[in-house]
Amino acid sequence: MTFFLILLTILLIQFKDVLRLSQVDNTFYDFYMKLALPVSAPDPNIALVVIDDGSLQQLGYWPWRRAEHSHLLEHLDQAKAVGFDILFQDHNPAYPQDDLTFANAIQKHGRVVLPTIVRLNGSTSSVDQPVAPLADSAAELGFINIYPDPDGSVRRIILTASDGEKTYSHLIPAMLQAGGETKIANKLLSTTPSEYMINFSGPPDHYPTYPYSAIANGLVPPEEFKDRYVLVGAWSSGLGDYYPTPRSWEDRTSMAGVEILANALSNARTNNWIKPLPTWLVITLNIIPIYLVCLILIRFSPRKAFLTTTALWLCLVGLDWALLQFLEFWLPISSSLVVMMLAYPAWHWRSQETVLRHINHELSVLSAQDSALRLALEAKAPTETLPARLSFLHRGIELLREAQQRREQTLRFISHDMRAPQNSILALVSLQRSGEQALDETQLLSKIESYASNTLELVNNFMDLARAEAMEIEFHDVNLGDVMADVYDDAWSRAKTKHIDVELHIPDEQLYVHGNATMLRRTFSNLVDNAIKYSSINTTVHCTLTHEDNYAVVSIKDQGWGIPDHLQPTIFQAFNRAHSTAEDAPIGSGIGLAFVQTVVQRHRGYITLESEEGKGSTFTVKLPISEETEEETVE
Ligand code: ADP
């Protein structure tokens with residue numbers, strides 16, 4: 001299970017984009033970012049010159065003449081570098097001279113970076129550059145493509161783009177080049193992967209801005225921009241690009257593209273990007289909690305394991321947050337969190353299965369020793385569901401308890417019923433020895449014979465029952481009509497002595513059951529003997545064999561003493577007797593009916609009893625008909 005869960009974690013990490021798990025990571029990332037208060041101060045080395053609503057009102061509607069930008073550049077001559085987040089892809093035919101004027105201003109300034117758009121198409125690429133004079137006079141060119149995550153939010157920036165042959169630089173390294181920070185720029189351009197996670201210093205509108213119009217009108221002294229990176233971009237409600245970011249607040253949902261660039265430029269200068277961890281470390285740090293959870297599940301009780309796993313889950317989220325907040329490392333933990341949530345049910349599913357399989361195994365071992373359990377197992381194999389297995393287990397325990405009770409009863413029987421005749425013989429012998437009340441020899445012998453034969457009968461009956469319960473039975477196709485004829489012959493003389501008529505009703509058709517002829521004969525003999533034993537003289541016993549659906553039905557009906565209602569439900573249990581207290585009660589052990597029921601059940605049949613005290617009893621046995629009969633019937 002541990003291996004499987006760890007494997008699952010690795011797979012989820014590998015396929016998290018396909019499985020949309022990165023969305024979960026992004027949600028956590030944004031959540032941590034919002035918790036990462038207080039916000040840090042904006043980078044003082046970066047200034048934003050924005051084309052805001054006020055500037056549009058003062059300088060007229062967009063697009064402005066490019067000559068306007070040359071005025072702006074004049075006021076920014078002290079800036080370290082100026083980056084335009086405005087595309088200059090097309091000529092303005094109304095003012096053809098403006099492009100040259102602007103190009104001259106750019107050249108004069110010497111540290112102006114203009115934007116491009118890179119289009120990568122597999123192994124080919126194209127670049128949308130500013131118009132010729134502008135592109136030629138710019139100190140550097142850099143692309144300004146932004147790639148939001150699938151949820152539309154901007155969290156990372158790509159600083160180089162390559163089609164395999166040509167490599168393009170983003171506006172940010174280009175600005176650093178223009179600003180003289182070549183070392184940083186080169187490092188950024190040579191590092192792979194070139195994807196960086198932006199460490200936003202605050203929510204949208206966090207960076208102070210200078211309205212374009214104010215600078216163009218000379219309202220801001222040029223010293224204000226001394227040695228600062230200046231980014232020029234749109235900031236108006238109807239102009240420019242806006243994106244949600246992890247630091248977007250409720251009322252400030254989107255950040256202007258130029259402010260995103262400012263944040264990234266600041267990160268690049270001070271190298272305080274959010275640092276992604278290498279893949280091997282991400283995998284290791286995702287696996288460790290899973291391993292811990294498995295240890296917890298092995299060691300702790302389900303309740304404690306649940307609570308500890310939940311606590312561990314929350315700890316992991318907390319640690320992940322702390323890692324980002326204090327060390328600025330980003331560890332995506334969605335895979336670990338998902339697998340941790342799965343671990344608890346999966347683990348308990350497996351352990352439950354194992355326990356239940358163990359229980360089933362134990363039950364089958366027990367049933368091999370206990371025939372009653374075996375019968376229950378054969379009759380009702382456990383189904384797959386948990387409640388079914390539990391009820392089966394419950395039934396098994398019940399049967400075991402019954403078996404225990406039977407064992408106790410047997411002990412009682414051995415200690416009492418079997419000892420009693422022996423004690424009587426010993427008492428007779430000592431009476432005989434003492435000479436007082438000595439019996440004559442014939443009387444003595446006949447009494448000893450009767451006690452001894454009682455004991456023998458008890459032992460025989462007892463052994464029969466034990467055998468019927470535990471012995472392997474050999475099954476053959478048995479003709480029930482023949483069995484009943486034998487039973488009738490056996491009973492005939494006993495019935496005659498008691499002046500009882502035994503009538504046998506057998507159908508013309510041959511009824512076969514799959515069974516053991518000797519055992520079936522003893523079973524029906526037991527029932528007929530009982531019918532004779534517990535009936536008064538001059539009554540009739542009817543033995544009938546019939547065919548009902550797929551069953552052969554044998555009923556033994558007498559006109560005897562009957563069995564009281566309250567004793568009927570338990571009369572088939574061993575050692576239970578209904579007439580033992582009566583003075584003229586026939587001798588018996590109470591084992592016969594238990595034997596009968598056991599044999600019938602082992603033949604997959606049923607036995608029922610209808611009885612009324614003083615009127616008589618009917619024992620009905622139903623046994624499934626074997627194929628032999630069915631074939632004969634078809635013939
Ligand atoms: P036993 O006959 O040795 O006592 P059985 O198990 O055969 O033991 O029968 C159990 C009890 O059921 C008997 O003691 C008797 O009270 C009652 N019984 C069985 N068969 C009949 C019957 N046909 N009519 C009335 N009572 C019966």
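Which residue in strand 22 is the bridge partner of Thr-608? In this predicted model, the partner is Thr-620. This bridge belongs to a pairing between strand 21 and strand 22, the latter made of residues 616-624, and the two strands pair in the antiparallel sense over seven bridges. Together they form a hairpin, with three residues between the strands. In the turn, Gly-614 has a positive phi of about 85°.

Strand 21 itself comprises residues 606-612 and has two faces. Ile-607, Leu-609 and Ser-611 make up the covered face. The uncovered face consists of Tyr-606, Thr-608, Glu-610 and Glu-612, and Thr-608 is the residue whose bridge partner in strand 22 is Thr-620.

Helix 17 offers a second element to examine. It runs over residues 480-497, and at 1.5 Å a residue its 18 residues should span 26 Å. The C-alpha atoms at its ends are indeed 26 Å apart, which agrees with that expectation. Helix 17 nevertheless bends by about 40° at Ala-491. Ala-491 is also one of the buried residues of this helix, a group that further holds Leu-480, Gly-481, Val-483, Met-484, Val-487 and Ala-495. At the start of the helix, the backbone nitrogen of Gly-481 has a side-chain oxygen of Asn-479 within 3.0 Å. After the helix comes His-499, whose phi is positive, near 55°.

Attention may now turn to a loop. Lys-16 is placed between helix 1 (2-14) and helix 2 (21-35). Is this lysine, Lys-16, buried or exposed? Lys-16 counts as buried because its relative accessibility is 18%, and the cut-off for a buried residue is under 20%. When its neighbours within four places in sequence are left aside, Lys-16 is in contact with Leu-21, Ser-22, Asp-25 and Pro-332.

Finally, the cysteines deserve consideration. How many disulfides does the model contain? The count comes to zero. Cys-294 is in no disulfide, and the nearest cysteine sulfur, which belongs to Cys-315, is 17 Å away. A disulfide would require the two sulfur atoms to lie within 2.5 Å. Cys-315 is likewise in no disulfide, its nearest cysteine sulfur being that of Cys-294 at 17 Å. Their surroundings may be described as well: Cys-294 counts as buried because its relative accessibility is 2%, whereas Cys-315 is partly exposed, with a relative accessible area of 46%.

Note on methods:
Residues are numbered from 1 along each chain as its sequence is written. This is a predicted model: local features need pLDDT of at least 70, side-chain atom pairs count only at pLDDT 80 or more; totals for chains, interfaces and linings use all residues. Side-chain values use heavy atoms; hydrogens and water are left out. Buried means under 20% relative accessible area, exposed over 50%, partly exposed in between (1.4 Å probe, protein chains only). Helices (H or I, at least four residues) and strands (E, at least two) are DSSP runs, numbered from the N terminus. Two strands pair if DSSP finds at least two bridges between them. Contact means heavy atoms within 4.5 Å. The expected span of a helix is 1.5 Å times one less than its number of residues. The bend at a residue is the angle between axes fitted to the seven residues ending there and the seven starting there. A polar contact is a pair of N or O atoms within 3.5 Å; within protein, one must be able to donate a hydrogen and the other to accept it, and residues adjacent in sequence count only if both atoms are side-chain atoms.
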